[in-house]
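Please find below a short note prepared for a colleague who is beginning to read protein structures. The points are numbered and may be followed alongside the display.

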Amino acid sequence: MFQNSHSRLVGISDGIFAVVLTLMVLDIDVPARITTASMLATGWKVLLYMISFGVVSQYWVYHQELFHAIKEPTIQLLVYNFIYLGFICLTPFATSFLSDHPQERIGALMFAGVIFLVDAVQFILFRLVIRAAGGQAQLTKHDREEYRGTATMLIISGIYIVVSLIVPQLLLLVIALGLFGRTVQTHLWRRWGAHHD
């Protein structure tokens with residue numbers, strides 16, 4: 001009679017993603033005066049917002065893929081999903097912090113740290129879903145591709161932390177390249193899989 005609801009888990013998750021994606025844009029202020037300095041500052045915030053939006057959107061794509069086949073989530077999945085969403089909710093704060101302190105290592109490290117935490121919990125969620133589905137043997141080619149993608153994202157986010165410690169000014173460029181690389185990787189895996197079916 002009592003069971004965990006898949007639709008409610010997806011509903012609250014989608015709601016949180018929508019709020020997070022919206023909140024980040026609120027950090028972009030319209031300049032009071034149009035000067036070169038104010039336009040550069042606004043441009044920096046817009047760039048940071050676009051990259052953050054891309055990062056969070058990528059997480060939403062993985063999240064909906066992850067929970068698509070789950071009919072009745074376990075308590076463990078619910079708990080880890082809320083931990084995951086909690087770290088996702090830190091993204092606007094980390095984005096704002098980096099926006100206000102673009103040249104400081106702490107801002108870059110906080111931003112990279114949040115991404116790493118989300119990626120780590122996302123990887124755990126994928127492992128839990130795979131175990132609940134009966135293990136690696138039950139995975140389709142697409143499932144394996146998604147799982148490899150989460151592992152790749154975790155490794156790349158570790159690189160973000162290293163970059164934020166050594167050259168924090170290059171973090172956004174490295175994140176943009178990471179997003180682009182992940183997209184290319186997915187495309188290549190799908191193409192390779194199509195030729196080997």
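Which helix gives the most to the nonpolar patch? The answer is H6, with 3 residues. The points below concern a predicted model.

1. The surface patch. Seen from outside, the model carries a nonpolar surface patch of about 620 Å². Its members are Val162, Leu165, Ile166, Val167, Leu170, Leu173 and Leu177. Helix H6 (141-166) and helix H7 (171-195) each supply at least two residues of the patch.

2. Val167. This member of the patch sits in the loop between H6 and H7. Val167 counts as partly exposed because its relative accessibility is 30%, and the partly exposed class runs from 20% to 50%.

3. Helix H6. The helix is made of 26 residues, and the span from its first C-alpha to its last is 37 Å, close to the 38 Å expected at 1.5 Å a residue. Besides giving residues to the patch, H6 has buried residues, including Glu145, Glu146, Tyr147, Thr150, Met153 and Tyr160. As background, residues three or four places apart in an α-helix point the same way, because there are 3.6 residues a turn.

4. The nonpolar core. In the largest nonpolar core there are 43 residues, and those with the most contacts inside it are Tyr59, Tyr84, Phe111, Leu171 and Ile175. At least two core residues come from each of helix H1 (6-23), helix H2 (36-67), helix H3 (75-89), helix H4 (91-100), helix H5 (105-132), H6 and H7. The most is given by H5, with 12 residues.

5. Tyr59 and Gln122. Leaving aside neighbours within four places in sequence, Tyr59 is in contact with Phe17, Tyr84, Ile88, Ile115, Val118, Asp119, Gln122 and Met153. One of these partners, Gln122, lies in helix H5. Is Gln122 buried or exposed? Gln122 counts as buried, because its relative accessibility is 1%. With residues up to four places away in sequence not counted, Gln122 touches Tyr59, Tyr62, Tyr84, Thr150 and Met153.

6. The salt bridge. How many salt bridges are counted? The count comes to 1. It joins the side chains of Asp29 and Lys45, at 3.8 Å from N to O. Asp29 belongs to the loop between H1 and H2 and Lys45 to helix H2; the two are 16 residues apart, and the pair links distant parts of the chain. Lys45 counts as buried because its relative accessibility is 17%, and buried means under 20%. In general, side chains of opposite charge can pair when their charged atoms come close.

Note on methods: Residues are numbered from 1 along each chain as its sequence is written. This is a predicted model: local features need pLDDT of at least 70, side-chain atom pairs count only at pLDDT 80 or more; totals for chains, interfaces and linings use all residues. Side-chain values use heavy atoms; hydrogens and water are left out. Patches are made of residues with over 30% relative accessible area and no salt bridge: like charges are joined within 9 Å, nonpolar side chains (Val, Leu, Ile, Met, Phe, Trp, Tyr) within 5 Å. Accessible areas come from the Shrake-Rupley method with a 1.4 Å probe; for residues, only the protein chains shown count as cover. A salt bridge is a side-chain nitrogen of Lys or Arg within 4 Å of a carboxyl oxygen of Asp or Glu. Helices (H or I, at least four residues) and strands (E, at least two) are DSSP runs, numbered from the N terminus. Buried means under 20% relative accessible area, exposed over 50%, partly exposed in between (1.4 Å probe, protein chains only). A nonpolar core is a set of buried Ala, Val, Leu, Ile, Met, Phe, Trp, Tyr and Cys residues joined through side-chain atoms within 4.5 Å. Contact means heavy atoms within 4.5 Å. The expected span of a helix is 1.5 Å times one less than its number of residues.
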